[in-house]
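Colleague: Before I take your terms on trust, could you show me the structure and let me quiz you on them?

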Amino acid sequence: MNAREDRLDLLLADADERRPVLDEGLPGDTAQGAPRPRKGRDANHWRRTDADRNDLTLQRWAVIAPEGREGDRMMEAVQPLVALREGEQGAPARVYRVPQGMDAKRSADFRREIYWSEEVAEEERPLYLMMLGDLHHTSLELQHALANDALAGRIHFADSAGDTDLAGYAAYAEKVVRYARRGTPEASPDLLFYVTPDGSAATVTGKARLVGPSLAASTEASERGKLPAASVREISAGSVDELLAGGGGARPSVLLSVSHGLGAPRRGWRREEDSWRRQGALVIGHDEILDAERLRGQTFLPGGMWFYLACLGAGTPAASAYHTWLSQLAQEDRHRGSLKAVLHSLPASGQRPFVAALPQAALANPAGPLAIIGHVDLAWTYGFSSTTCLSEGKKSRIYRPLEVLVRGSRAGIALEALMELYRGANDELAQSYQIEADARAAGRADPTDRADRAHLWMLRNDLRGYVLLGDPAARLPLQQPALRAEAPAPVEVRSIQAEEPAKGAASAASAPAREAAVLAMIRGDEAPRAIAARVMVSLETLWTWVDAYRAGGRERLGG
């Protein structure tokens, strides 16, 4: 292994020169002096482990909103989306109201005492949790805590002054509802890959260890009929316009992009508002940056999903998992200048955390994606590198969520594929510390390998930084395959008039056929347009069936 291969590469560029902050990376052994992470409870308790996790009637969906009038207004803005999910699960959505700025302890208390309350029936405990608000409203600590037990996503939209933008909330809710109800004529999505061609060590590594192998694997799987992608291709773009064109197709797409995220200028942001507007933007080149202002009004990944791999791409936390370690390295005068530039992009004491503006603009865009997986801390190449040999790739860690999305599962399940790996790394790291403690208590030599522990520490923190922005129950608006086995089988049907099937009303579709169609709508087994076409009714008629079923059960469907 040469010196270049055994490096820690960071996907962060400064806002002055738009060049990598750590162009040469850090030595692979640098993390051996990293602090021990806080002890946490990381067991995952799935409800109905024998059931389809895409089925909201079994897994349930809920909302977490901040207390107070601001939280009330957020709830009002997304009410159409709440109504959609209530219809899909056949039950009212549970709403949790939480105080602002919950720290790690209060978040753990909430998970233990409220989320896992013994007073909640197990079949009513929601697996899907959509959080409303910025990272100081419903805290990132709470999102991390709940991600151990649930599929958590978040939406927040702010104006240029940093105030809550209710129009953004309403626009996102309308988009999700529109795609869920109308669907698209497409049966399969495009799978897209993009790496910025800046020639930096981090993006070259991303190309070699992640994007190249993932592109080859998905192409082969698609050709063999093992991956239901309409096409698999790499976007070649050296400018913002070319990237927007590459991701502007009408067919729903899943995109993995690897780039540097825009960090602070070398002397830090002049105003905190500047960091809210620009930090985490996608850096293609010195004069080519895809930020929120550039994206607004542009068609980009309509009805699709975006895995945005870049430093601070999803947001900036109140405290970075790497702050203590990097500060220590800077004080030791190791890579001091570069590390100070990295630290400038991390929040100073008293500054609030925030969701990045770029994903906000993408999600609020009517012609944009439905959900985004991104990083809320410094993103390293560790997430797709081996913990035993940094020069070896582990593309499967990032590729697994892409497969989940392409197959039509909900966005929260894709993030869970990453969280499973995080919990595994966290367990291994905790075991290493326990073995050391046991040896010390017994008067034996420490048998642990500090280099292995350093690699685990980096991997654990890199994976933990990924979060989901958007409704965790969102999924690609595709024509889904036939009903799953647990749904009643459709029967032969004839033409039916588009009128409300109230009790006693005549209908050419039999009662079992109508009920099968309604259950398919509620579970999300198929796109609404496909269900309507199968039973030969209009979308309007189909939704009246759903409303009638919710109001009075199968008897209201007639027949």
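**Pockets, cavities and cores**

Modeller: Sure. The second largest pocket has a volume of about 430 Å³. Its lining has 24 residues, and the closest to the pocket's centre are Ala158, Asp159, Arg296, Ala357 and Gln360. Bear in mind that this is a predicted model.

Colleague: Which elements supply at least two residues each to the lining of that pocket?

Modeller: Helix 9 (272-278), helix 10 (292-295), strand 16 (354-355) and helix 13 (357-364). Helix 13 has the largest share, four residues.

Colleague: How do the residues of that lining divide into nonpolar, polar and charged?

Modeller: Nine are nonpolar, six polar and nine charged.

Colleague: What makes something a cavity rather than a pocket?

Modeller: A 1.4 Å probe fits in a cavity but cannot get out, whereas a pocket is open. The structure holds four cavities of 30 Å³ or more. The second largest cavity has about 40 Å³ of space.

Colleague: Which residues line the second largest cavity?

Modeller: Ala147, Ala150, Leu151, Ala152, Gly412, Leu415, Glu416 and Met419. Helix 15 brings the largest share of that lining, four residues, and strand 7 (151-155) also supplies at least two.

Colleague: Why does the lining of the second largest cavity count one polar residue?

Modeller: Gly counts as polar here, and Gly412 is in the lining. Glu counts as charged, and Glu416 is there too. That fits the division into six nonpolar, one polar and one charged.

Colleague: On to helix 4 (residues 104-115): which of its residues are buried?

Modeller: Ser107, Asp109, Phe110, Arg111 and Tyr115. Buried means under 20% relative accessible area, so each of these falls below that cut-off. The buried residues of helix 4 pack against strand 5 (94-98), strand 6 (128-132) and helix 5 (140-146).

Colleague: What reaches the backbone nitrogen of Lys105 at the start of helix 4?

Modeller: A side-chain oxygen of Asp103, to within 3.3 Å. The limit for a polar contact is 3.5 Å, so the pair is inside it.

Colleague: And which residues have the most contacts inside the largest nonpolar core?

Modeller: Trp61, Leu132, Trp306, Leu378 and Trp380, in a core of 138 residues. Helix 15 gives the most to this core, with 10 residues. Another core, of 13 residues, lies apart from it, with Met102, Leu129, Leu146 and Ala150 among them.

Colleague: What is Trp61 in contact with, leaving aside neighbours within four places in sequence?

Modeller: Its partners include Leu56, Leu81, Val82, Pro126, Tyr128, Met130 and Ala473. Arg85, Gln89, Arg94 and Asp471 are also among them.

Methods:
Residues numbered from 1 in each chain as written. Predicted model: local features only at pLDDT ≥ 70, side-chain atom pairs only at ≥ 80, totals over all residues. Heavy atoms only, no water. 1 Å grid on protein atoms, 1.4 Å probe; cavity = no way out; pocket = protein on both sides within 12 Å on 5 of 7 lines; lining within 4 Å. Points joined across faces, edges and corners; volume = space filled by probe spheres on them. Buried < 20%, exposed > 50% of the residue type's maximum accessible area, 1.4 Å probe, protein only. Contact = heavy atoms within 4.5 Å. Polar contact = N/O pair within 3.5 Å; in protein donor to acceptor, adjacent residues only side chain to side chain. Core = buried A, V, L, I, M, F, W, Y, C linked by side-chain atoms within 4.5 Å.
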